[in-house]
Amino acid sequence: MVRDAQGKKMSKSLGNVIDPMDVINGITLDALLARVADSNLLPAEKKRAEKLQKRQFPRGIPKCGADALRLSLISFTTQGILRV
């Protein structure tokens, strides 16, 4: 199970999911917020998701590459709980 920084299960309906391609290629905060705005979340959920994105990624997500993402996911899973 993949969990967010607050320990909640990652879910599209909660708006706390990050696209792995955004981690690999990087993405600006404005582009992250545009995805939330274009999502099918309810207005209150969109506000919560936008607030979370702004707090966790104030400068967006820097480009990390596929190998760095794979290594991070593997290293977290050995601890039993994966938190992103």
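Here are some questions and answers on the fold, one pocket and the salt bridges of this predicted model.

Residues are numbered from 1 along each chain as its sequence is written, and side-chain values use heavy atoms, with hydrogens and water left out. Since the model is predicted, local features need pLDDT of at least 70 and side-chain atom pairs pLDDT 80 or more, while totals for chains, interfaces and linings use all residues.

Reader: In what order do the elements of the chain run from the N terminus?
Author: Helices (H or I, at least four residues) and strands (E, at least two) are DSSP runs, numbered from the N terminus. There are four helices and two strands to place. Read from the N terminus, the order is β-α-α-α-α-β.

Reader: Is Gln53 buried or exposed?
Author: Gln53 sits in helix H3 (residues 43-56). Leaving aside neighbours within four places in sequence, its contacts (heavy atoms within 4.5 Å) include Leu29, Leu32, Leu33 and Val36. Buried means under 20% relative accessible area, exposed over 50%, partly exposed in between (1.4 Å probe, protein chains only). Gln53 comes in at 4%, so it counts as buried.

Reader: Which helix gives the most to the lining of the second largest pocket?
Author: A pocket here is an open set of points on a 1 Å grid over the protein atoms alone, where a 1.4 Å probe fits, with protein on both sides within 12 Å along at least five of seven lines; lining residues have an atom within 4 Å of a point. This one has a volume of about 270 Å³ (the space filled by probe spheres set on points joined across faces, edges and corners). Of its 13 lining residues, those closest to the centre are Gly15, Val17, Arg35, Val36 and Ser39. The top contributor, with three residues, is helix H2.

Reader: Which residue has a salt bridge with Asp19?
Author: A salt bridge is a side-chain nitrogen of Lys or Arg within 4 Å of a carboxyl oxygen of Asp or Glu. Asp19 lies in the loop between strand S1 (2-3) and helix H1 (20-25) and its partner in helix H2, so the pair ties together parts 16 residues apart in sequence. At 3.8 Å, N to O, the partner is Arg35.

Reader: How far apart in sequence are Arg35 and Asp22?
Author: Their side chains meet in a salt bridge at 2.4 Å, N to O. Arg35 is in helix H2 and Asp22 in helix H1, so to speak distant parts of the chain, and the separation is 13 residues.
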